[in-house]
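Grab your viewer and work through these exercises with the model open. Each one has a task, then a solution that goes step by step.

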Amino acid sequence: MQGLKDYQEKLFLDFRLSERVPRDNFYRRLKETLDLSHIRQMTKKYYGTEGQKSIDTVVFFKLMLIGYLENINSDRKIIEHAGMRMDMLYFLGYDLDEPLPWHSTLSRTRKLFGEEVFLELFCDILYKCVDKGMVSGKTQAVDSAFIKANASMEGLVAPDFIDKSRHYFNQLTENEDENHKEKLRFNERFVSPADPDARVSQKRGKPSTLNHLGVISVDTENHVICGAMVDFADKRDADTLPKIVGQTVDNLRPVGLTVDELLADTGYSSGEAYNFLEKNNITAYIPPHGGYKPEREDFTYDEKEDCYICGQGVKLPFRHIKREKNKNLLTKRYCTTVADCKNCPLKKQCCKKQNYKQIEHSIDKPHYDKAYTLLSTRKGKHMMRLRKSTVEPVLGTLLDFRRMKKVYTKGHDLAHKQLLMAATAYNLKKFMNFCSPKSVKIAAMAIKNTAMVLISAPLNQSLSFWERFFFGSNCKLQNISIIHSK
């Protein structure tokens, strides 16, 4: 007989969320694992002693985590989504008939708390990963990506004329001979009233947009984020390196971890960046930029005498240091005299239209040479492959699945808070997956299956591969023979 379900609401219910949410549910396990009660004491200074009670600080941060874990950009949608999910209500500590906070409370509370609160929460989750052995700290991979700002290019206006004139006058008085012809950059001539901290920038092959620059540092052991920050989008990547490395070092210092190696792409190549890492005893695996030339054809550089020697044996001694026009770059100039090249048979080919030969290179050439030599080694090439497989997928996850493709807040500080929360949610998800019973079971089954294959296979066939892979290169033949005999 065909059944028919007739729905009628009951006046009284005998219902418990704790009995309905499955034991292996993600948010149930997260509630049992994550303790945020200490945040109440940390944020107590932001509240007075009178007036209406605010949203519980723990509930606020749990709602924020739900937004990033579920990739929900709108505060209103976070409240709506959480209200329809029993597991999220259980995670938040709310019952079915208990109303959630008003959505505007989330944005007001986000503005109220300082950046140190969000950084503290980020570090708490990071230290949980460290305790589980997920972070080595030794090798960090750094990269950045544009985060679209909540502003439009059509809304750009010129800044106040007086402020602009004062700024331009200061530039002229600092170095009148050099700067009187220099034009202000685009981001100095226009500003967005909606978000003054947003900067006009663009990716190759795409139109210009107003962006913030998100920078992260990822540990290569298990791809855990160890540092995250937001900077202005018109900055070079190399200019942001000291900040992100400094934050990463500070985050890892309390747990006794040190950064020894740094992986980054060509955008982080600069003399200042190499010098900063060298002073902090960090090995830099950063390829030199495209303008760097490791060798000059038909010329040899003598490091001791600081000169170039051409194929005819003529020296090009160091003359002076000059600054590139419209660039903050210092180069060393080497050149011959007119008499040196007067009777040279290769003069037309070598000097072209000049009567002497001139060569220039950056004053940071020793740093570039060291980086080029290091990356030419087998380990250097491996490190570059490791960088691509480490930090780039993490950046893609933050942009596409942790709501960081665009920020819907205004200003640099709020964008920084959002990136910290996105990185916190990312690390938290990795931590939960690492500690999940399924992961432990899968790992145990893999070890068991590997051992069974080794035992069942003939010794002469299995020894060559499994000796290296399963037991290690130093395993003795006697140990494998015992396992095979059993």
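**Exercise 1.** At what angle do helix α8 (residues 115–131) and α18 pack, and how far apart are their axes? Work out the packing class, the handedness and the make-up of the contact.

*Solution.* Keep in mind that this is a predicted model.

- Step 1: the angle between α8 and α18 is about 15°, and their axes lie 9 Å apart.
- Step 2: angles under 35 degrees count as roughly parallel, so α8 is roughly parallel to α18.
- Step 3: as for handedness, α8 and α18 make a left-handed crossing.
- Step 4: now list who takes part. From α8 the contact uses Glu115, Phe118, Leu119, Leu121, Phe122, Ile125, Lys128 and Cys129, while α18 brings residues including Asp413, His416, Lys417, Leu420 and Phe431.
- Step 5: sort the residues of this α8 and α18 contact by class, and you get 11 nonpolar, 3 polar and 4 charged.

**Exercise 2.** Do the same for α17 and α18: what is the angle, and what is the distance between their axes?

*Solution.*

- Step 1: α17 and α18 pack at about 110°, with 10 Å between their axes.
- Step 2: the range from 65 to 115 degrees counts as roughly perpendicular, so that is how α17 sits relative to α18.
- Step 3: the crossing of α17 and α18 is right-handed.
- Step 4: on the α17 side you'll find Val394, Thr397 and Leu398, and they meet Leu419, Ala422, Ala423 and Tyr426 of α18.
- Step 5: by class, this contact of α17 with α18 has 6 nonpolar residues, 1 polar and no charged ones.

**Exercise 3.** How many residues does the largest nonpolar core have, and which of them have the most contacts inside it? Then zoom in on Ile225.

*Solution.*

- Step 1: the largest nonpolar core counts 100 residues, and Leu30, Phe61, Leu63, Val135, Ile216, Ile225 and Ile286 have the most contacts inside it.
- Step 2: helix α18 (residues 412–435) supplies the largest share of this core, with 11 residues.
- Step 3: select Ile225 and leave out anything up to four places away in sequence. Among the residues Ile225 touches are Phe122, Ile216, Val394, Leu398, Ala423 and Tyr426.
- Step 4: tie this back to the helix pairs. Phe122 belongs to the α8 side of the α8 and α18 contact, while Val394 and Leu398 are on the α17 side of the α17 and α18 contact.

**Exercise 4.** His223 and Arg403 both deserve a look at their backbone. Is His223 buried or partly exposed, and is Arg403 buried or exposed?

*Solution.*

- Step 1: find His223 in the loop between β3 (209–219) and β4 (225–232). Phi of His223 is near 60°, a positive value in a residue other than glycine.
- Step 2: the relative accessible area of His223 is 24%, so His223 is partly exposed.
- Step 3: move to Arg403, in the loop between α17 (378–401) and α18. Phi here is positive too, near 55° for Arg403, again not a glycine.
- Step 4: buried means under 20%, and Arg403 comes in at 5%, so Arg403 is buried.

**Exercise 5.** Which residues does Leu34 touch, not counting residues up to four places away in sequence?

*Solution.*

- Step 1: Leu34 sits in the loop between α2 (26–33) and α3 (38–42).
- Step 2: with a relative accessible area of 6%, Leu34 is buried.
- Step 3: the residues it touches are Leu65, Ile125, Lys128 and Leu428.

Conventions
Residues numbered from 1 in each chain as written. Predicted model: local features only at pLDDT ≥ 70, side-chain atom pairs only at ≥ 80, totals over all residues. Heavy atoms only, no water. Core = buried A, V, L, I, M, F, W, Y, C linked by side-chain atoms within 4.5 Å. Buried < 20%, exposed > 50% of the residue type's maximum accessible area, 1.4 Å probe, protein only. Helix = DSSP H or I, 4+ residues; strand = E, 2+ residues; numbered from the N terminus. Contact = heavy atoms within 4.5 Å. Axes fitted to C-alpha atoms, helices over the stretch in contact; angles between N-to-C directions. Parallel < 35°, antiparallel > 145°, perpendicular 65-115°, else oblique. Left-handed = near helix turned anticlockwise from the far one by under 90°. Nonpolar A, V, L, I, M, F, W, Y, C, P; charged D, E, K, R; others polar.
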